[in-house]
Amino acid sequence: MQFIPLLAVGASIGRQTAVFAVESLKAIRDPTNADAVSTVGELSSLNSLEYMKKCMMADKHGRTILKNKPLVGDDVLEYSRTLPANTFGHRYAAYMDHNHFTPSGRTPVKHVADPTLAYVMTRYRQCHDFLHAATDCGRSVEEELAVKILEWKHTGLPLGVLAVAGGWPHLNSAQRANMRVYIKWASLNAPCSVHGKHQVPMYLNVPWEEMLANDFDEVTAVSGITPLPVYLENLKAKR
């Protein structure tokens with residue numbers, strides 16, 4: 001694990017380490033503590049952010065996103081609310097409104113000095129809600145952990161592992177058993193560009209905000225990610 005220099009805010013390594021320790025404990029005790037989880041994610045993610053940047057630079061959509069640096073604002077949510085029920089945007093708005101979320105409510109990146117890597121972290125946070133909509137996962141602890149595992153498979157961010165560690169005590173025995181299924185689902189939906197295999201782009205490279213008016217199934221095809229309920233139904237049918 002490698003820490004990100006806090007040059008942007010002038011923090012010392014000692015201070016940085018202390019902040020990481022305190023916020024890690026907060027995040028483990030309460031995985032829904034957005035500020036703590038965000039801080040830990042930034043302070044433990046340098047190698048992963050470099051990897052994510054590399055993945056974006058290797059993809060034509062990713063390169064365009066890094067060049068233009070689009071930001072998801074509240075206007076995106078307002079527009080999504082006007083879209084028909086069959087669209088991806090409608091599902092995104094339904095998820096956001098059900099949970100009383102707004103794009104502007106996301107914690108801003110504070111501890112990443114490099115501007116490009118700071119944007120990559122911002123993209124990661126802003127795509128989190130799109131990923132919830134795309135995977136048809138709600139906000140239960142179990143569903144949140146499933147999304148975090150999928151994010152970890154795509155980005156390598158240690159935050160996914162931390163989320164599982166923090167959420168584990170909140171799960172009953174049946175839910176813990178389900179985690180094996182979610183890990184399998186996440187593995188099957190990990191990034192893949194091998195010819196002849198199921199194609200899945202790294203999800204930060206998916207232009208979610210440009211496909212809000214598209215049919216949900218079309219967006220699923222572009223992302224390559226099978227929604228979790230669909231995967232579970234298919235699994236059940238095979239038994």
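**Close-up views around helix H6**

**View 1. Helices H6 and H7 are roughly perpendicular to each other.** In this predicted model, the axes of H6 (residues 88-98) and H7 (residues 115-135) come within 9 Å and cross at roughly 110°. That angle falls in the range of 65 to 115 degrees, so the pair counts as roughly perpendicular. The crossing of H6 past H7 is right-handed. On the H6 side, look for Phe 88, Arg 91, Tyr 92, Tyr 95 and Met 96; H7 brings Asp 129, Phe 130, His 132, Ala 133 and Ala 134 to the contact. Sorted by character, these residues are seven nonpolar, one polar and two charged.

**View 2. Buried residues of H6 lie on the same side of the helix.** Here you can find Phe 88, Gly 89, Tyr 92, Ala 93, Tyr 95 and Met 96, which are buried in H6. They share one side because they cover an arc of only 160° around the axis. Their packing partners are helix H5 (74-80), H7 and helix H11 (216-223). Just past the end of H6, His 100 has a positive phi of about 60°.

**View 3. Lys 69 and Asp 136 are loop residues with a positive phi.** Most residues other than glycine have a negative phi, which makes this view worth a pause. Lys 69 sits in the loop between helix H4 (60-68) and H5, with phi near 50°. Lys 69 counts as partly exposed because its relative accessibility is 36%. Asp 136 belongs to the loop between H7 and helix H8 (141-155), and its phi is about 60°. With 37% relative accessibility, Asp 136 also counts as partly exposed.

Technical notes. Residues numbered from 1 in each chain as written. Predicted model: local features only at pLDDT ≥ 70, side-chain atom pairs only at ≥ 80, totals over all residues. Heavy atoms only, no water. Axes fitted to C-alpha atoms, helices over the stretch in contact; angles between N-to-C directions. Helix = DSSP H or I, 4+ residues; strand = E, 2+ residues; numbered from the N terminus. Parallel < 35°, antiparallel > 145°, perpendicular 65-115°, else oblique. Left-handed = near helix turned anticlockwise from the far one by under 90°. Contact = heavy atoms within 4.5 Å. Nonpolar A, V, L, I, M, F, W, Y, C, P; charged D, E, K, R; others polar. Buried < 20%, exposed > 50% of the residue type's maximum accessible area, 1.4 Å probe, protein only. Arc of directions from axis to C-beta.
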